[in-house]
Amino acid sequence: MTELRDARGRLLRDLRVSVTDRCNMRCSYCMPRAHFPAGFKFLPRGEILRHEEVARVAGLLVGLGVKKIRLTGGEPLLRADLHKLIEALAPLPGVDLALTTNGVLLPKHAATLRAAGLARVTVSLDSLDADVFRAMTDSSFTPADVLAGVDAALAAGLGPIKINCVVRRGHNDGSVVALARRFHGTGCVVRFIEYMDVGDTNEWRRDDVVTGREIVEAISRELPLLPVASAYDGEVAKRWRYADGGGEIGVITSVTQPFCGACSRARLSARGILYTCLFASDGVDLRAPLRDGATDDELTALVRETWRARDDRYSELRALGLSRGKRIEMSYIGG
Ligand code: SAM
Ligand code: SF4
Ligand code: SF4
């Protein structure tokens, strides 16, 4: 197989698939209720890629170099029969198959997903404080619901688990150290994520970003941290380990230290649009050719051309003060 590189020499290695645009939470930084109110018209079923369509696209992308597939959303556990999609994806050769979820439905689904072939899960948890959590996720769920999901995933064999925490100033910056402490020594790696300007609805302001440096300093004051060299080229999270041997954390500094230079991700939206950047305003429609009877060779050629032309580096441009334009919402494209 010849290596597929984009216009900046970057390989295609990762695929994120958003399996639904729906969610049972309304996180203020992702799906603010003012923009996603009760009665919001989510995509009708027929507009969303069927499992066999996703599996076909994924199989073709594996043929072009993809080694990691992550299912996301919206909330992926709301997708009916998700285990059937996992059954279709798990046998793809050489692929690491994972899922990102808000966790509250894991007690119901973890064992089925594991049995279907899912390897690992990442669970999002922004605070252990029930009030902060409720305000941030704008839902009636509690941190205890998410922790029950983490336990269910561990019991089902879906570990080691990563915990994602988006840090937004004035919202949950006071929760960072407690989260680090809760998972210190457990084998779960908390990844603190700089709040990003994804989509056009979350009213992002640069001042709301708690920088990776601030996060590491805050944790290190109580639980001293040492830097860890990245495990592979293109690793998104900067790794830190506890000096006392209590494990690691990750910090995703997409705002203050963009990593576009090594970005190897393609994203497939729930309705079958292929995006080559999280901050894209448009992508390439794969659903129409899929449903119009395109052959595998035709679809592969379309993806290959799209990747070869890829020039995206939004976060680098943002850091230079050059980013602008309408962007696709996170819940459509998947985080
Ligand atoms: N619903 C699932 C969940 O919350 O894990 C999967 C989809 S969610 C869009 C994927 C990840 O994106 C989550 O960890 C979420 O915290 C993160 N995310 C959403 N909006 C974000 C933003 N504006 N900045 C940084 N991360 C964000
Ligand atoms: Fe839903 Fe996940 Fe977005 Fe929160 S971050 S609104 S849980 S999709
Ligand atoms: Fe990749 Fe786009 Fe994020 Fe840069 S901004 S790292 S190109 S997804």
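Two strands pair if DSSP finds at least two bridges between them. Helices (H or I, at least four residues) and strands (E, at least two) are DSSP runs, numbered from the N terminus. Keep both ideas at hand for this tour. You are looking at a predicted model, where local features need pLDDT of at least 70, side-chain atom pairs count only at pLDDT 80 or more, and totals for chains, interfaces and linings use all residues. Residues are numbered from 1 along each chain as its sequence is written, chains are lettered from A and ligands numbered from 1 in the order in which they are written, and side-chain values use heavy atoms, with hydrogens and water left out.

**Stop 1: the sheet**

Start by selecting residues 14-18, strand β1, together with residues 265-268, strand β10. These two strands pair in the parallel sense, over four bridges. For one example, click on R16: its bridge partner in β10 is R267.

Now show the whole sheet. It is open, has twelve strands with mixed pairing, and follows the order β7-β8-β9-β6-β5-β4-β3-β2-β1-β10-β11-β12. At its edges are β7 (225-228) and β12 (284-285), each of which pairs on one side only.

**Stop 2: from β7 to β9**

Go to the β7 edge. Strands β7 and β8 run antiparallel and are joined by four bridges; select L226 and you will find R241 of β8 opposite. Next, β8 and strand β9 (residues 248-252) also run antiparallel, joined by four bridges. Here W240 has I249 in β9 as its bridge partner. The hairpin of β8 and β9 has five residues between the strands, and G245 takes a positive phi near 85° there.

**Stop 3: helix α6**

Select residues 176-183. This is helix α6, which packs on the sheet and touches β5 (162-167), β6 (189-194) and β8 (238-242). Its direction makes about 160° with that of β6 (axes are lines fitted to C-alpha atoms, for helices over the stretch in contact, and angles run from 0 to 180 degrees between N-to-C directions).

Which residues of α6 are buried? They are V176, V177, L179, A180 and F183. These residues cover an arc of only 160° around the axis, which puts them on the same side of α6. Buried means under 20% relative accessible area, with exposed over 50% and partly exposed in between (1.4 Å probe, protein chains only); the arc is that of the directions from the helix axis to the C-beta atoms. The buried residues of α6 pack against α5 (143-156), β5, β6, α7 (212-222) and β8. After α6 comes G185, with a positive phi near 80°.

**Stop 4: helix α2**

Select residues 82-89 for helix α2, and colour its buried residues L82, L85, I86 and L89. Seen down the axis of α2, they fall within an arc of 100°, so they line one face of the helix. Their cover includes α1 (51-63), β2 (68-72), β3 (96-101) and α3 (106-116).

**Stop 5: ligands 3 and 2**

Select ligand 3 and display F259, C260, C263, R267, C277, L278, F279, D312, Y314 and S315 around it. A residue is near a molecule if one of its heavy atoms lies within 4 Å of it. This shell has seven nonpolar, one polar and two charged residues. (Ala, Val, Leu, Ile, Met, Phe, Trp, Tyr, Cys and Pro count as nonpolar, Asp, Glu, Lys and Arg as charged, and the others, Gly among them, as polar.)

Pause at S315, in helix α10 (residues 314-319). S315 is buried, with a relative accessible area of 7%. Leaving aside neighbours within four places in sequence, S315 is in contact (heavy atoms within 4.5 Å) with S254, P258, C260 and F279.

Finish at ligand 2, surrounded by C23, M25, C27, Y29, C30, M31, G74 and N102. The shell around ligand 2 has six nonpolar, two polar and no charged residues.
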